[in-house]
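Thanks for coming, everyone. Please bring up the sequence and the structure, and we will walk through them together.

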Amino acid sequence: MTGTNNEKESARQRDYMDRVRVLTEGRGLKYMVVTFGCQMNEKDSEKIAGSLQKMGYEKASSEEEADVLVYNTCTVRENADKRLYGRLGVCKSYKEKKKEMIIAVCGCMMQEEHVVERIRGSYAYVDIIFGTHNIFRFAELLFNRLDSGSQIIDIWKETDEIVEDLPSARKYSFKSGINIMYGCDNFCSYCIVPYVRGRERSRDPVEIIREIERAAADGVVEVMLLGQNVNSYGKGLDTRVSFAMLLKEAASVPGIRRVRFMTSHPKDLSDELIDVIAENEIIARHIHLPLQSGSDRILKEMNRHYSKESYIGLADRIRKEIPDVSITTDIIAGFPGETERDVEDTLDVIERVRFDGAFTFEYSRRSGTPAADMEQLDKVFVQKSFDRVLKTVQRVSREQASRFKGRTMEVLVEGEDEKDPARYTGRISQNLVVHFPKETAKVGDMLQVTLDECMGFYYNGKIIGHG
Ligand code: SF4
């Protein structure tokens, strides 16, 4: 889609927002957006919430209270389906009490035909069903539903459109996710994302920086650049721009104190990127680098395009060039065909890379992916492998966390400590959590905090200075 078409589409959607606003004016209507899944979904939900606010809806305090209730779904793991169907079941009673309530479902699950069929068949009271590619059309879909009174289903198989400049309601005042690209071209054999999020599309760098500048002007101090594989950012754009170049520019936006990014694929993390991070303290000393498996044989089956040794080599380079960096990862236990020997290889990588944290998952079979057709492993064996990986990674991460004990670090205040209202919770650049007495600080402040007591995966500390 060209820049002009993009502008036309965003103007069209704003027009629909005005039309819905006319219908809702003065009625005190409320909305709720419930998000399942990753940060990309969180960001999409912010856009839906932003449109709803523009259309005159206020945030509800519960799902039941909402006049428009949106479920933004995830399909990465099997049990996500069950959670959604459970929620939709409960919606029936909401609709019985309040007939005019609008229930909308969107997100990755809706890109799977069998899901849409099931909702049409068993949950016919759902009003709007849309997918990942046409989220920007939400205002139009809602208007059509209100206007026609009939169920609206609009799922696009794919798109090359990126529509900018629509409203967004930020969940946090001090930090914000910024999409830099959509989709993924990697086709890891276990992953459903390329099928539901479509081909890789990078956003225009000028638009991205403009969005960061606007966020900074609103008081945002930390941004997280989001993409399924940020290292391949820039492919297909007219401007020659790499992820490293974009990151550097993002870090130079006045008012931005910290820049994070998610997620890096190990196969194309460049030396240029390592240098940019090393040279720029505003860029977080934290790289999330999904390993998935330490076995060359399994990595090949997963279609990951790197080897055990090349991964370790990359992690060594990162640690050497960026002192104090933390490296976290994702690991899948129980991929089809995995043997004890393969698990040993994964454990070996954990010990050698010394991960600062890891999300460990049992392999989840997603129909439509190549791995779903491979011979699946016995559940007991999978559980055993998972436990071994988890135990090792937890021990190593705990040891890694203790390396900061006694240091004074820069901490961004994120909110009240859930267990103690007299304390705040914040995060250091390495992504470790610290709790400390509030004193005169406020949420969004950048503070100097001493890390006094290591509690395993987090610290207790105290403020020793501001800024
Ligand atoms: S890089 Fe692989 S695991 Fe990540 S989203 Fe793309 S296909 Fe899925």
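**Around the ligand**

Let me begin with the ligand, whose surrounding residues are Cys184, Asn186, Phe187, Cys188, Cys191, Val193, Pro194, Gln228, Asn229 and His265, where a residue is taken as near if its C-beta atom, placed from the backbone, lies within 6 Å. Before going on, I should say that this is a predicted model, in which local features need pLDDT of at least 70, side-chain atom pairs count only at pLDDT 80 or more, and totals for chains, interfaces and linings use all residues. Residues are numbered from 1 along each chain as its sequence is written.

Now, which classes make up the shell around the ligand? There are six nonpolar residues, four polar ones and no charged ones, with Ala, Val, Leu, Ile, Met, Phe, Trp, Tyr, Cys and Pro counted as nonpolar, Asp, Glu, Lys and Arg as charged, and the others, Gly among them, as polar.

Turning to the fold, the protein chain has 13 helices and 19 strands, which are DSSP runs numbered from the N terminus (helices H or I, at least four residues; strands E, at least two). Six strands form an open sheet with parallel pairing, in the order β2-β1-β3-β4-β5-β6, where a pair needs at least two DSSP bridges. At its edges lie β2 (58–59) and β6 (152–154), each pairing on one side only. Strand β3 (residues 68–73) runs parallel to β4 (residues 102–107), and six bridges join them; within this pair, Val70 has Ala104 in β4 as its bridge partner.

Finally, the C-alpha atoms of the protein chain fill a box of roughly 60 × 60 × 50 Å, taken along the principal axes.
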